[in-house]
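This report looks at how the helices of one chain pack and which charged side chains pair up. The sequence and structure come first.

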Amino acid sequence: MKNLQSKGWVVGDVDEFLDLDQADLAIIDMKLALADTIVQKRKALKMTQAKLAEAIGSSQSRIAKVEHGDPSVSLEMMMRALIGLGSSRQEIGRAIG
């Protein structure tokens, strides 16, 4: 890194590069944690993305976006998926905690 800096490069964090504040970073972290929890829970239940989508009135492609933490997916949609998987409030809290 010092070698890059000595050559005139500016080295920083992603949040600096994207100009993210602490709230943005916290939301990103929560969404990634929720996405991971959704994948784990769905697989543990041996449920397909299509079955989860059907259970919550969505589409398989939308569930794929949920599971990959796509920025277009709302926290509400992620909550809907977790509830559709039978997650309790406590489980959801632990996922983002």
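The text below covers helix packing, the nonpolar core and the salt bridges.

This is a predicted model, in which local features need pLDDT of at least 70 and side-chain atom pairs count only at pLDDT 80 or more, while totals for chains, interfaces and linings use all residues. Residues are numbered from 1 along each chain as its sequence is written, and side-chain values use heavy atoms, with hydrogens and water left out.

Helices here are DSSP runs (H or I, at least four residues), numbered from the N terminus. Helix 5 (residues 60–67) packs against helix 6 (residues 75–84) at an angle of about 105°, and their axes are 10 Å apart. The two are therefore roughly perpendicular (angles of 65 to 115 degrees). R62, I63 and V66 of helix 5 meet M77, M78 and A81 of helix 6, where contact means heavy atoms within 4.5 Å.

The largest nonpolar core (buried nonpolar residues joined through side-chain atoms within 4.5 Å) has 16 residues. Buried means under 20% relative accessible area, exposed over 50%, and partly exposed in between (1.4 Å probe, protein chains only). Helix 6 gives the most to this core, with 4 residues. I38, among the residues with the most contacts inside the core, touches L52, V66 and M78, among others.

The whole structure has 3 salt bridges, each a side-chain nitrogen of Lys or Arg within 4 Å of a carboxyl oxygen of Asp or Glu.

| Salt bridge | Closest N and O atoms |
|---|---|
| E91 with K41 | 3.4 Å |
| R42 with E67 | 2.4 Å |
| R80 with E76 | 3.3 Å |

R42 and E67 are both buried. E76 counts as exposed, at 54% relative accessibility.

Terms used. Axes are lines fitted to C-alpha atoms, for helices over the stretch in contact, and angles run from 0 to 180 degrees between N-to-C directions. Angles under 35 degrees count as roughly parallel, over 145 as roughly antiparallel, 65 to 115 as roughly perpendicular and the rest as oblique. Lists of a residue's contacts leave out its neighbours within four places in sequence.
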